[in-house]
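Hello,

I am passing a structure on to you, and my notes follow right below it. Have a look at it first, then read on whenever you have a moment.

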Amino acid sequence: MPDRAILLLLLGAATLLPALATAQSYADRNLSLPQGGNEGRRPIVILSPIVPAAPAVAPAATPTNGPVGSYASEAAGPDIRARNADYVTQFRVVGTVPPGSTISKVSWRYTVSHKPPGFEALLCWQDAGSCWHVTDANTGSTDFFNGRDASKPFQLYYRVRARAAVGEAPIKGEINQVIVTYNIPG
């Protein structure tokens, strides 16, 4: 292929990147939300002591210019040994987040040996002040926490509801991770 044709191909791909980024953002934000009517929708179940957050109208706008930062935090998940008990993984903020930094994306990964019927998982920000239901997605990312203070920690809560049996063997918790990307003011 002549050099000019390669250059034109690269320029065409560069013009598609903003559209692809928008599509990815849409998929990230809406992938785990069922479409259509109420059939098939899973209610967000708030585990004690979690307090429901105000509904998110839309994610905060993410500036395209300016400095950004991120951190990844890992922690071992506890074993689930009883029904109707909250189990929590505390993620610490890694490094120093500059004052005024706001979240622009949060990704998570958690692993348990198995998910019995009644298993529930919530990713929460700042002492369960705001939570995102992650029961059906062991990995993913969300814009739900956008605009919130990036210096506050996250937690992962999980439990098995009353009617479900945990079984004789505990549900083994493994390594859990959260990756927080944030905008730095200035």
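Let's begin with strand 3 and strand 8: residues 102-109 and residues 175-183 pair in the antiparallel sense, over 7 bridges. If you would like a spot to look at, find V106, which stands opposite V180 in strand 8. Please keep in mind that this is a predicted model.

Strand 8 has another partner too, since 9 bridges join it to strand 1, again with the two running antiparallel. Here S73 is a handy marker, standing opposite V178 in strand 8.

How do these strands fit into a sheet? They belong to an open sheet of 4 strands, in the order 1-8-3-6, with antiparallel pairing. Strand 1 (68-76) and strand 6 (139-142) stand at the edges with a single partner strand each, so one side of each has no neighbour in the sheet. On average, neighbouring strands of this sheet are turned by 15° against each other, direction ignored. As you follow a strand along, it helps to remember that side chains in a regular strand alternate between the two faces of the sheet.

Stepping back to the whole protein, you will find 1 helix and 8 strands. From the N terminus on, the helix comes at the start and the strands follow, in the run α-β-β-β-β-β-β-β-β. Among contacts between residues at least 6 apart in sequence, 81% join residues at least 24 apart.

Now for the interior. Of the 186 residues in the protein, 34% are buried. Which residues touch the most other members of the largest nonpolar core? Out of its 29 residues, they are I103, L123, V134, F145, F154 and Y158. Several strands contribute to this core: strand 1, strand 2 (87-91), strand 3, strand 4 (119-125), strand 7 (154-160) and strand 8 each supply at least two residues.

F145 is a nice one to click on. Leaving aside residues up to four places away in sequence, F145 touches I103, V106, L123, W125, S130, C131, W132 and F154. So V106, the residue opposite V180 in strand 8, turns up again among the contacts of F145.

There is also a second, separate core of 5 residues, including L122, C124, A128 and C131.

Finally, the outside: the protein exposes about 10,900 Å², and carbon and sulfur atoms supply 59% of that area.

Enjoy exploring it, and best wishes!

Methods:
Residues are numbered from 1 along each chain as its sequence is written. This is a predicted model: local features need pLDDT of at least 70, side-chain atom pairs count only at pLDDT 80 or more; totals for chains, interfaces and linings use all residues. Side-chain values use heavy atoms; hydrogens and water are left out. Two strands pair if DSSP finds at least two bridges between them. Axes are lines fitted to C-alpha atoms, for helices over the stretch in contact, and angles run from 0 to 180 degrees between N-to-C directions. A nonpolar core is a set of buried Ala, Val, Leu, Ile, Met, Phe, Trp, Tyr and Cys residues joined through side-chain atoms within 4.5 Å. Buried means under 20% relative accessible area, exposed over 50%, partly exposed in between (1.4 Å probe, protein chains only). Contact means heavy atoms within 4.5 Å. Accessible areas come from the Shrake-Rupley method with a 1.4 Å probe; for residues, only the protein chains shown count as cover.
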